[in-house]
Amino acid sequence: MKDQSILKDALVAAFGDAAASVRVEGARPSIAAMFCVPVARFAEAGKVMKACDARLAAEWAVDETVFGGGFGIMALYGKGVELLLIECAVPHEAPVFPSLTGNYLAAWRFERQMRSLMGVESAGHPDARPWIKHEDWPPEAYPLRKAFDAKTRLARVQGEYKWVRAEGEGVYEIAVGPVHAGIIEPGHFRFQAVGEDIINLEERLGYVHKGIEKRFESMTWAAASRLAGRVSGDTTVAHATGYCTALEAAAGCEVPARAAWLRALLLERERIANHVGDIGAISNDAAFTFLLYQTAILRERLLRTNQAIFGHRLTMDIVMPGGVNADITLEAARVISGELTEFSAEFERLVAIYEETPSLEDRTCNAGVLAPPLAKEMGVVGIVARASNQPLDARVQQAYPPYDVIAPKLIRCGDGDVNARIQVRIDEVRESIRLIRAIIDGMPEGPLAVDCPAPRPGATGISVVEGWRGEIVWWVQAGPGSEINRVMVRDPSSVNWLALEQAIKGNIVPDFPLCNKSFNQSYSGNDL
Amino acid sequence: MLRILHQIWRTGVVTEPLPPLEEGRVTLAGERLEEEILKRFRGSLTIRFVDAGSCNACELEITAVNNPFYDCERFGIHFTASPRFADMLLVTGPVARNMEVALRRTYDAMPGPKLVVAVGDCAYDCGVFGESYATVKSVSDVVPVSAFIHGCPPPPAAILGGIMAAIGKDGAGR
């Protein structure tokens, strides 16, 4: 198909022989293209991608010492159904590459993180402050480098984090976090405000950095799926599926059809449970507690069914390399189906209440607007993108099984406000109910899993999965002994957090919790 | 408005009796407070929660402790935004290096006697994340812990039961 090679064709046209095509294992043909470009032309390749209207989906670094190399700098671009990986190699003695920040806002934090954790320098990056690694870390400690022992106890050093400051009459600052008022994850928000109006918000995250990417490198491929399922506990199915799919791509392992369908069943249940909980939690931040408790009841019932059928309330550790380790009986399928009927009726009653409560809509409409052009420019994904009219859904674009058969509808809303993010969730809950019914009706018989071999030395694999927050990217690479050499995770939060800073501008301080909740990004998935 | 009232009437009371705590779910640690003090907490216990590095699964289940099925408030247990009002500190996660100071400060800001309950396998021994450059060994290496609630994540009934066990309260609320 022509639209599957727009980026590739543009790169080849601009670079000719200077862009060397490399084979990369991908689960589907559309994510199979990878090119190496000379380091000096890395940003130029980014410019070519930008001219094609592509987004920067992820950017990361790999220490290739074990292969006798330096560092690999990887950038993943996406446009419609097409994804393209562009790599350049930099030597250990001079780990410098040209920054993509000139063309891509998303590159700001990617490259700060690469510098902080891997020690690769992006020349021309306007922000030299560390990211994830706080100011009291020794600056020269680079945990993701192969030479760095994961068990190292690092000293605390003196350091200072320079916040963006606003000055002028009546400007004041509010510092919030890392410990927040509710039962949520930690992060720091620094507001500059005049009266009630927020003129700038700066986030500082990294508080829950627990060395997940490094931890993978000491694990076996099989055991690591348990860790993948805890990158973000609310997204356990999607992350475990992402990791396993990338590994299976690298290993050339074909997952049985029934396993793929069961993964999708769990994924859609995870989506419904999180969306319905969010709808209540957002309403609660507008002081409408009634919906919080009502949706909490719906969520609790779903989790109890998970416990009864799959043995875990959040369905952790069911997705594993090569397939899944739990099946549903005919009786279980009937239970799930019956539950959906009751759930759906109850859910629609609550939606009707949401829609006819003007005092609630007064808070959610026109608050926290992320205008569609800005959403596109920032490269946001998932519900945040779709609420700002971006046609992005990996289940639709990548159409991995069983989504090629059950064909999810692309949900969108153009307003970009808190209400739009609620509306997208409401419509996605409805659509997921339809998808689960289609999965139950169409699920093929067959084995639940096959043995997933270790990838051959040096093999890489990539996967894209649409979790409830949005597109999740995993990339894995086997070392010379087929062990894990590098695992890269890009949670939707890594790109969407940046957009919250923009969406909040001009809103009033008391609306921040509401806007923040409507994004509901992961701290753990971002900090890793 | 009528629709809301109708929905409340339809929903009724969903709160359930608390099931007994499973064997091995809770490890009591450290010195026990005097019975007289614990007795007072049994009527009213205020909790400050801190995520010190969790994956967010424990947070989901602690949030569920507040839902109408478990309804922790019926036992006089409620969550507060400020450590200044807190009798108990509830901590999750393999304490991340970047959260160690914040955790200690929250503990320092509480009035005595300071009860600490650590929730989840990570809070006990870093769990699946392991000890590393980015984590501290256990919550008990940063602040003194009265009880550990095991599980990944522990279900809401176990969290609620564990909190009550830490103050010597039984499932019937006595």
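**Exercise 1. Count the helices and strands of chain B, then give their order.**

Step 1. Chain B of this predicted model holds 6 helices and 6 strands.

Step 2. Start at the N terminus and read on. The elements of chain B follow the pattern α-β-α-β-α-β-β-α-β-α-β-α.

**Exercise 2. Compare the radius of gyration of chain B with that of a compact globule.**

Step 1. Chain B has 174 residues. For that number, a compact globule would have a radius of gyration near 16 Å.

Step 2. Chain B has 17 Å, which agrees.

Step 3. Add the box. Along the principal axes, the C-alpha atoms of chain B fill roughly 55 × 35 × 35 Å.

**Exercise 3. Work out the strand order of the sheet in chain B, and find its edges.**

Step 1. The sheet is open and has 6 strands. Their order is β1-β6-β5-β4-β2-β3, and the pairing is mixed.

Step 2. Look for strands that pair on one side only. These edge strands are β1 (26-28) and β3 (77-79) of chain B.

Step 3. Check the twist. Neighbouring strands of this sheet are turned against each other by 25 degrees on average, direction ignored.

Step 4. Take one pair. Strands β5 (residues 115-119) and β6 (residues 147-149) of chain B are parallel and share 3 bridges. Val119(B) sits opposite Ile149(B) in β6(B).

Step 5. Place a helix on the sheet. α3(B) lies across β2, β4 (88-92) and β5 of chain B. Its direction makes about 140 degrees with β4(B).

**Exercise 4. Describe the side of chain B that touches chain A.**

Step 1. Count both sides. Chain B gives 40 residues to the contact, and chain A gives 43 residues.

Step 2. Find the contributing elements. In chain B, α1 (2-11), β2 (45-51), α3 (57-65) and α4 (97-109) each supply at least two residues. The largest share, 6 residues, comes from α3(B).

Step 3. Sort by class. This side of chain B has 23 nonpolar, 13 polar and 4 charged residues.

**Exercise 5. Map the 3-stranded sheet of chain A.**

Step 1. This sheet is open, with the order β9-β10-β11 and antiparallel pairing.

Step 2. β9 (171-176) and β11 (197-204) of chain A are the edge strands. On average, neighbouring strands are turned by 20 degrees against each other, direction ignored.

Step 3. Zoom in on one pair. β9(A) and β10 (residues 188-194) of chain A are antiparallel and joined by 6 bridges. Here Ile174(A) stands opposite Phe191(A) in β10(A).

**Exercise 6. Decide how α7(A) and α15(A) run relative to each other.**

Step 1. Get the geometry. α7(A) and α15 (residues 418-442) of chain A pack at about 150 degrees, with axes 9 Å apart.

Step 2. Apply the cut-off. Angles over 145 degrees count as roughly antiparallel. The two helices α7(A) and α15(A) are therefore roughly antiparallel.

Step 3. Give the handedness. α7(A) passes α15(A) in a left-handed crossing.

Step 4. Name some residues. Those of α7(A) that meet α15(A) include Trp261(A), Ile272(A) and Ile282(A). In α15(A), the partners include Val418(A), Val429(A) and Ile439(A). By class, the contact has 14 nonpolar, 2 polar and 6 charged residues.

**Exercise 7. Describe how α6(A) packs on α7(A).**

Step 1. α6 (residues 236-251) and α7 (residues 257-284) of chain A pack at about 145 degrees, and their axes are 8 Å apart.

Step 2. Val237(A), Ala238(A) and Thr241(A) in α6(A) meet Arg263(A), Leu266(A), Leu267(A) and Glu270(A) in α7(A).

Step 3. The residues of this contact divide into 4 nonpolar, 1 polar and 2 charged.

Note on methods
Residues are numbered from 1 along each chain as its sequence is written. Chains are lettered from A and ligands numbered from 1 in the order in which they are written. This is a predicted model: local features need pLDDT of at least 70, side-chain atom pairs count only at pLDDT 80 or more; totals for chains, interfaces and linings use all residues. Two residues are in contact if their C-beta atoms, placed from the backbone, lie within 7 Å. Helices (H or I, at least four residues) and strands (E, at least two) are DSSP runs, numbered from the N terminus. Ala, Val, Leu, Ile, Met, Phe, Trp, Tyr, Cys and Pro count as nonpolar, Asp, Glu, Lys and Arg as charged, and the others, Gly among them, as polar. Axes are lines fitted to C-alpha atoms, for helices over the stretch in contact, and angles run from 0 to 180 degrees between N-to-C directions. Two strands pair if DSSP finds at least two bridges between them. Angles under 35 degrees count as roughly parallel, over 145 as roughly antiparallel, 65 to 115 as roughly perpendicular and the rest as oblique. A crossing is left-handed if the near helix is turned anticlockwise from the far one by less than a right angle, and right-handed if clockwise. The radius of gyration is taken over C-alpha atoms; the globule rule is 2.2 Å times the number of residues to the power 0.38.
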